[in-house]
Amino acid sequence: MNRLTATLITRNEEENLPRALAALGLADEIVVVDSGSTDHTVALARQQGARVVEHPWTNFAEQKNFAAAQAAYDWILNLDADEALSPELQAELRAWKEQSPQAVAYAMPRKTYYLGRWILHSGWYPDYKVRLYRRDRAHFVGSLHESVMADGPLGKFRGELLHYTCDSLTDHVAKVNFFTSLAARELHAQKHRHWLLPLLVQPAFTFLRTYLFQQAFRDGYQGFLIATMAGVYIFLKYAKLGVLVSGGTLDEARAWRQP
């Protein structure tokens, strides 16, 4: 049997975490790495049998790699707190545990629930994510849009990883504000200095690509919002880069639940 540890990183996730943990009965161990929650996240995690490790926030990849290092088993199943395994994916994983693995990491399609609707287009589906991997053959890279880098063959599951993203448009705006600040700082640290032309051109292009070519229009009003916010993301990222290039500073974005 392939024993595995499920890992999650958290900060103030009391609304999402119980749903994520409830679908992890197949895990041989659950490790939650928390970075200073002030709500009931830690208590809820312990109530559902998770081992909680406190660790100050660094970035997404480093937090997830730290969580994997705390595991008792080499196979790591990593979830975000706002995700959950579908029944079909749970069944696949249970069957996989009884087999001889043919890969060192496995991707699964992620389906997102956004403002009351499952999104099936808009460039959001199928959004394959590598979430099961051997920690001695793979690890997370990237401080912002983290992903798994593996040194061996990659497998795929058919069952869906369910993503319960923004609960409201306000939540989406706060999330965009948080991530565009991170993205602008990362671009500035990488010596990117050209911001005006991307600011003028790319937001409209991003909206049209998302709404027309990635068929966001098929996702109704929610698809229109996704396309609009995709353009807003690009606008804010380069506007904030312009602030940094001009010698200004960015306010800390604390509205979203991540540190």
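## Salt bridges, starting with one pair

A salt bridge is a side-chain nitrogen of Lys or Arg lying within 4 Å of a carboxyl oxygen of Asp or Glu. In this predicted model, D80 and R131 make such a pair, with their closest N and O atoms 3.7 Å apart. The two come from distant parts of the chain, 51 residues apart: D80 is in the loop between β4 (75–78) and β5 (83–85), while R131 belongs to strand β8. Both D80 and R131 are buried. As a bit of background, side chains of opposite charge can pair when their charged atoms come close.

How many salt bridges does the structure hold? The count is 15. Let's look at a couple of others.

## Two more pairs to find

Try K64 and E146 next: their side chains form a salt bridge with an N to O distance of 2.8 Å. Here, too, distant parts of the chain are linked, since K64 sits in helix α3 and E146 in the loop between β9 (138–141) and β10, 82 residues apart. Is K64 buried or exposed? K64 has a relative accessible area of 0%, so it counts as buried.

Now for R137 and D151, whose side chains meet at 2.6 Å, N to O, in another salt bridge. R137 is in the loop between β8 and β9, and D151 is in the loop between β10 and β11 (154–156); this pair links distant parts of the chain that are 14 residues apart. R137 counts as partly exposed because its relative accessibility is 33%. D151, at 52% relative accessible area, is exposed.

Some salt bridges share partners, and that is how K64, D80, E83, R110, D127, K129, R131 and E146 end up joined in one network. You have already met K64, D80, R131 and E146 from that network.

## The largest pocket

Some background before we look inside: rolling a probe the size of a water molecule over the atoms shows where empty space is left. In this structure, the largest pocket holds about 1,300 Å³ of space. Its lining is made up of 42 residues, and R110, D127, K129, H145 and K175 are the ones nearest the centre. R110, D127 and K129 may look familiar, as they also belong to the salt-bridge network.

Which kinds of residue line the largest pocket? By class, there are 18 nonpolar, twelve polar and twelve charged residues in the lining. Several helices and strands each supply at least two lining residues: α3 (60–69), β6 (105–114), β8 (127–134), β10 (147–150), α5 (169–189), α6 and α7 (220–245).

## A nonpolar patch on the surface

Now move to the outside. L196, L197, L200 and V201 make a nonpolar surface patch of about 420 Å². L197 is part of helix α6, which covers residues 196–213. With a relative accessibility of 61%, L197 counts as exposed, because the cut-off for exposed is over 50%.

## Unusual spots in the backbone

Here is the rule of thumb: most residues other than glycine have a negative phi, and most peptide bonds are trans. So where are the exceptions?

One is the peptide bond joining Y125 and P126, which is cis, with omega at about -5 degrees. P126 is in the loop between β7 (117–119) and β8. S122 is in the loop between β7 and β8 as well, and its phi is near 65 degrees, a positive value in a residue that isn't glycine. S122 is buried, with a relative accessible area of 2%.

K191 is another non-glycine residue with a positive phi, about 70 degrees. You'll find K191 in the loop between α5 and α6. Is K191 buried or exposed? At 64% relative accessibility, K191 counts as exposed.

## Two distances across the model

To get a feel for scale, pick out I9 in strand β1 (residues 4–10). I9 is buried, at 3% relative accessible area. Its C-alpha atom is separated by 25 Å from that of G152, and the two residues are 143 apart along the chain.

Then try F179, which is in helix α5 and is buried, with a relative accessible area of 13%. What separates the C-alpha atoms of F179 and Q90? They are 31 Å apart in space, and F179 and Q90 are 89 residues apart along the chain.

Terms used:
Residues are numbered from 1 along each chain as its sequence is written. This is a predicted model: local features need pLDDT of at least 70, side-chain atom pairs count only at pLDDT 80 or more; totals for chains, interfaces and linings use all residues. Side-chain values use heavy atoms; hydrogens and water are left out. Patches are made of residues with over 30% relative accessible area and no salt bridge: like charges are joined within 9 Å, nonpolar side chains (Val, Leu, Ile, Met, Phe, Trp, Tyr) within 5 Å. Accessible areas come from the Shrake-Rupley method with a 1.4 Å probe; for residues, only the protein chains shown count as cover. Helices (H or I, at least four residues) and strands (E, at least two) are DSSP runs, numbered from the N terminus. Buried means under 20% relative accessible area, exposed over 50%, partly exposed in between (1.4 Å probe, protein chains only). On a 1 Å grid over the protein atoms alone, a cavity is a set of points where a 1.4 Å probe fits but cannot get out, and a pocket is an open set with protein on both sides within 12 Å along at least five of seven lines; lining residues have an atom within 4 Å of a point. Grid points are joined across faces, edges and corners, and a volume is the space filled by probe spheres set on the points. Ala, Val, Leu, Ile, Met, Phe, Trp, Tyr, Cys and Pro count as nonpolar, Asp, Glu, Lys and Arg as charged, and the others, Gly among them, as polar.
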